[in-house]
Amino acid sequence: ECSLRKWLNEEFYESAFDESEKKMIKTYTIRNEENPRMAYYMDTNENVYETDEGNPTEVKVFPLTVDELLNTDYGFSADADAEDDNRKCLLTDYALAQGTNFYEKYNKNIKHYSQWGLRTVGYLYQAAVAAVHKNGDVSKSGHGKADISLAIRPAIYVTIA
């Protein structure tokens with residue numbers, strides 16, 4: 001029942017892809033896992049909340065997870081703390097117009113990178129999502145889900161004929 005998931009798979013999907021591209025996009029079943037860092041922080045004084053798994057959901061477009069961003073088969077570093085160029089989010093003019101934060105004064109002649117949100121729940125509190133910082137390292141603790149400064153980087157699986 002996620003509003004982002006609904007927007008990605010309806011409005012974004014319909015406007016971003018033409019009919020021939022839509023035929024190549026595979027339906028993917030995402031697993032909505034429990035907070036993966038819960039057990040690690042149970043013995044601390046941190047504010048940690050358990051999250052329900054939720055039901056598996058079939059989608060066409062989705063945000064990535066921490067595990068996917070640490071998968072070397074996808075071209076990423078296995079080290080969450082590494083400043084990985086493949087995880088950096090280069091902002092588009094559209095993202096800037098929507099309010100995505102890039103931390104520097106905007107200049108079209110300079111590449112601007114932003115932090116971006118993931119599907120994985122952040123481990124510090126339930127209303128948080130893990131994110132990638134602008135330098136390409138992964139923050140597992142999380143940023144608020146309502147943080148409009150987080151960019152969204154949709155992912156798809158395609159069939160190549």
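This passage walks through the fold, the strands and the aromatic contacts of the protein chain in a predicted model.

The overall layout is a good place to start. Five helices and seven strands make up the secondary structure of the protein chain. Along the sequence, these elements follow the order α-α-β-α-β-α-β-α-β-β-β-β. Of the 161 residues in the chain, 37% are buried. The protein chain exposes about 10300 Å², and carbon and sulfur atoms supply 48% of that area. Among contacts with a separation of 6 or more, 56% are between residues 24 or more positions apart.

The strands E5, E6 and E7 can be followed one after another. Strand E5 covers residues 116-121, and six of its six residues are buried. Its partner is strand E6, residues 128-132, with which E5 pairs in the antiparallel sense over three bridges. Two of the matching positions can be picked out in the model: Trp116 has Val132 as its bridge partner in E6, and Gly117 has Ala131. Strand E6 has five of its five residues buried, so the rest of the structure largely encloses this strand. In a regular strand, side chains alternate between the two faces of the sheet. In E6, Ala128, Ala130 and Val132 point one way, while Val129 and Ala131 point the other way, and all of them are buried.

On to the next strand: E6 and E7 run antiparallel and are joined by four bridges. Ala128 stands opposite Gly144 in E7. The hairpin of E6 and E7 has five residues between the strands, and in this hairpin Gly136 takes a positive phi near 95°. Strand E7 is also largely enclosed by the rest of the structure, because five of its seven residues are buried. The segment after E7 holds Ser149, which counts as buried at 12% relative accessibility. Ser149 and Gln115 are 34 residues apart along the chain, yet their C-alpha atoms are separated by 7.7 Å.

Strand E1 offers a view of another part of the chain. Thr29 has its place in this strand and, at 31% relative accessibility, is partly exposed. Leaving aside residues up to four places away in sequence, Thr29 touches Pro56, Thr57 and Glu58. For one of these residues, Glu58, the C-alpha atom is 4.3 Å from that of Thr29, although the two are 29 residues apart in sequence.

The aromatic residues come next. A pair of aromatic rings is described by the distance of the centres and the angle of the planes. The count comes to six aromatic pairs. One of them joins Tyr28 and Tyr157 in a tilted arrangement, with 4.7 Å centre to centre and 50° between the planes. Tyr28 belongs to strand E1 (residues 28-30) and Tyr157 to the segment after strand E7 (138-144), so this pair ties together parts that are 129 residues apart in sequence. Both residues of the pair are partly exposed: Tyr28 has a relative accessibility of 23%, and Tyr157 has a relative accessible area of 27%. Elsewhere, ring pairs link Trp7, Phe12, Tyr13 and Phe17 into a cluster.

Charged side chains also meet aromatic rings in this model. Over the ring of Trp116 sits the charged end of Arg153, 4.8 Å from the ring centre. Trp116 is thus met here again, after its bridge to Val132 in E6. A further case involves Lys88, whose charged end sits over the ring of Tyr113 at 5.3 Å from its centre.

Finally, what about the cysteines? A disulfide is a covalent bond between the sulfur atoms of two cysteines. A search of the whole structure finds zero disulfides. Of the cysteines, Cys2 is partly exposed, at 36% relative accessibility, whereas Cys89 is buried, with a relative accessible area of 5%.

Note on methods: Residues numbered from 1 in each chain as written. Predicted model: local features only at pLDDT ≥ 70, side-chain atom pairs only at ≥ 80, totals over all residues. Heavy atoms only, no water. Buried < 20%, exposed > 50% of the residue type's maximum accessible area, 1.4 Å probe, protein only. Contact = heavy atoms within 4.5 Å. Areas by Shrake-Rupley, 256 points an atom, 1.4 Å probe, with all protein chains shown as cover. Phe/Tyr/Trp six-rings, centres within 6.5 Å; stacked < 30°, edge-to-face > 60°. Lys NZ or Arg CZ within 6 Å of the ring centre and 35° of its normal. Pairing = 2+ DSSP bridges. Disulfide = S-S within 2.5 Å.
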